[in-house]
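Please open the model in your viewer and keep the selection panel at hand. The tour below moves from one selection to the next and says what is there at each stop.

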Amino acid sequence: MIGASISRWTMSYFAAALAWLFVALALMVAGLGFPAVHLASPDTLVLVHVVCIGWLSLAMCGALFQFVPVLVARPLFSEKWALPALGLLTAGLVSLLAGFLGLGGRLPAWLWLLPLGAILLAGGFGLVVVDLGMTAWLRPVGPARFVLVGLASLCATVAFGAMFAFTHAGWAGSIGETILANGVPLHAIAGLGGWLTLTAMGVSYRLLSMFMLSPDVDDRKSNMTLAAGALAIAVAVVGGIVAIWLVSGLNVVLSIAAVLGLATAALYGRDLIGIFSGRKRRQLELNTRMAVLSFVSLAAAAFLGVVLVLTGAFAAHVGAFTFLAVFGWLSGLVLAKLYKIVAFLTWLEAYGPVMGRTPTPRVQDLVAEARASKWFVIYYVAVWFGTLTLVAGQPSAFRAAAAMMTIGLAGIVREVIRTRRLADVAGSLRLPNGACTPCLLCARA
Amino acid sequence: MTDYIDVDVRPILRAGGEPFSVIMSALDRLEPGQGLRLYATFKPVPLFAVMADRGFAHSAQALDAGEWEVLFTPTAPATKQSAPASGTSDFDNWPEPVVTLDNRDLDPPEPMVRILAAAEKLGPGETLSALLRREPVFLFPQLEKRGYHWLGGFSPDGATYELTVRAPS
């Protein structure tokens, strides 16, 4: 078959991801992990992995299971792998977190939980990488190339992470010790920069031009952006390993990667301006307006990074920089797009079978943008405020910002659930003959 | 299952050559029941009628960069009355479209809504044609479920997707 059907488990991934985001925010409100304790402390490791694996990676995987088949106009390599992958990722994350808690003395020190978690996560991500990779490989054009580079970066991230986990358990010898002592920035760059950022960029090209009726970004331009980004990750990972091996320090390698990363952000900005200026649709939907705030956050993170490097304060404030990149840029973009993806998939699932035979609502009839926009604004303002509190070194004010983010998120999630339940559709149109309300957590087969 | 012989005429076309004789000689070498899988740098519409006369149904599929893969399948007399699957059926003798839609400047997913609404109004065997900005990937499963056939591909400049939908006869 040519074409793309509704991904069965995307909603399950989104639900799990949002649940983990609530966990992360609860930890931040409670003052566990950074900034109350050091960045490398076990509590911070718990927080970071809840955010990066539980929230961002699960949301990204869920979106890609739907989006990659659309990009390549072919069905997913195997629809059956999505649910086992979610199970493995969840079990692996729980095991990893329990291991970190043991490392920090909050649980018995069963450090074998760390390699067990790493193996489960490698299994889950392995299924995702093969499934999405085999699908995208069929027609690697434009955005699909970003996904492929993102998946390769995910493999590098998992490899580093597994090495660290085995080292913590004392199973990786002196090589493991050396890599654990120096390689954490490489793990973070491959994960946040390669996997999450490059994939989000690739997906955003297509979603933005689709929703704004704008021509696709010229392949030569997006290839240049991707090349800069892929080179940044490759320099960081490969150069970083060589530098660790030669015991020469990571400064040179990370500086080159940072310049390339900055170039990637600038080229991406150029591509985005092209999409926005070429658009036929003047009135922007909420998801696009909110995506703009995430692009502003990316630019602000890049600016903050440059200022911190120039003033020699980057090492002291790497937490604030990462927070803005993770919650302003990545999480902001994912939340904005999730809001639209849920509405579209729910509409397609509920009304696709009867479309053309009976009057059906529009996608926009499933959402109440005026009501939802305030929750997004609360979320973004809280993120920017939180960044300032981190730069200013005010941990209690940071907890207030996290509480405000939680309120914004709760509002957004409530809107998404209402969309899924068709709660905002006018009564006469809501369930025409033959239509039924989709299930909240998965799509019907 | 039909066994297909691959014929890739893209190098000939890129070099400015004429691939017709190569295709015909490949055709002459086919065993009974074998089909032909043709790769070309454009949608070889004129060939479709020639091949139909020789007893081959075609199904064309756009590849990247404006290239096409076309399957020519021998039509066995015994299966003529059975309805083949959408997207891979024979496309001989499709009538002129009774409806033409220009959906290029509509917000997604409005193009899909309009095509399905217009398709529902077609009489048996009638066709509609539509212009779109993108390949309507979510529309195809809906058409398939309703028993429609379709044929589509991008124009050579890649800016417009031309779709023809035929109602079940």
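Are α4(A) and α5(A) roughly parallel or roughly antiparallel to each other? Before answering, please keep in mind that this is a predicted model. Select residues 113-137 of chain A for helix α4 and residues 143-168 of chain A for helix α5, whose axes come within 10 Å and cross at roughly 165°. Since angles over 145 degrees count as roughly antiparallel, α4(A) and α5(A) are therefore roughly antiparallel to each other. Their crossing is left-handed. To see where they touch, show the side chains of the contact, which include A:Leu121, A:Phe125 and A:Leu132 on α4(A), and A:Leu148, A:Leu151 and A:Val158 on α5(A). By class, the residues of this contact comprise 19 nonpolar, four polar and no charged.

Next, move along chain A and select residues 219-245, helix α8, together with residues 251-277, helix α9; they pack at an angle of about 165°, with their axes 8 Å apart. It follows that α8(A) and α9(A) are roughly antiparallel to each other, and α8(A) passes α9(A) in a left-handed crossing. In the contact of α8(A) with α9(A) there are 15 nonpolar, seven polar and two charged residues.

The following stop is helix α10 of chain A, residues 286-310, where a simple check on length can be made. At 1.5 Å a residue, its 25 residues should span 36 Å, and the end C-alpha atoms are indeed 36 Å apart, which agrees. After α10(A) comes A:Gly312, whose phi is positive, near 70°.

Now select residues 369-391 of chain A, helix α12, for which a check of this kind gives an expected span of 33 Å from its 23 residues at 1.5 Å a residue, in agreement with end C-alpha atoms that are 33 Å apart. Colour the buried residues of α12(A), among them A:Trp375, A:Phe376, A:Tyr379, A:Tyr380, A:Val383 and A:Leu390. If you then add α10, α11 (314-351) and α13 (395-420) of chain A to the view, you have the helices against which the buried residues of α12(A) pack. α12(A) is followed by A:Gly393, with a positive phi near 70°.

Turn now to chain B, whose secondary structure comes to five helices and eight strands. Followed from the N terminus, its elements run β-α-α-β-α-β-β-β-α-β-α-β-β. Of the 169 residues in chain B, 28% are buried. Among its contacts between residues at least 6 apart in sequence, 66% join residues at least 24 apart.

How many residues of chain B are in contact with chain A? There are 20 of them, in contact with 20 residues of chain A. Select α4 (110-120) and α5 (139-145) of chain B, each of which supplies at least two residues of the side that touches chain A; α4(B) gives the most, with five residues. That side of chain B has 10 nonpolar, three polar and seven charged residues.

For the last stop, centre the view on B:Pro124, which lies in the loop between α4 and β6 (127-132) of chain B. Is B:Pro124 buried or exposed? B:Pro124 is exposed, because 8 other C-beta atoms lie within 10 Å, and a residue counts as exposed at 12 or fewer. Leaving aside neighbours within four places in sequence, B:Pro124 is in contact with B:Ala167, B:Pro168 and B:Ser169. B:Pro124 and B:Pro168 are 44 residues apart in sequence, yet 5.6 Å apart in space, C-alpha to C-alpha.

Conventions: Residues numbered from 1 in each chain as written. Chains lettered and ligands numbered in written order. Predicted model: local features only at pLDDT ≥ 70, side-chain atom pairs only at ≥ 80, totals over all residues. Axes fitted to C-alpha atoms, helices over the stretch in contact; angles between N-to-C directions. Helix = DSSP H or I, 4+ residues; strand = E, 2+ residues; numbered from the N terminus. Parallel < 35°, antiparallel > 145°, perpendicular 65-115°, else oblique. Left-handed = near helix turned anticlockwise from the far one by under 90°. Nonpolar A, V, L, I, M, F, W, Y, C, P; charged D, E, K, R; others polar. Expected span 1.5 Å × (residues − 1). Contact = placed C-beta atoms within 7 Å. Buried ≥ 20, exposed ≤ 12 C-beta atoms within 10 Å, placed from the backbone.
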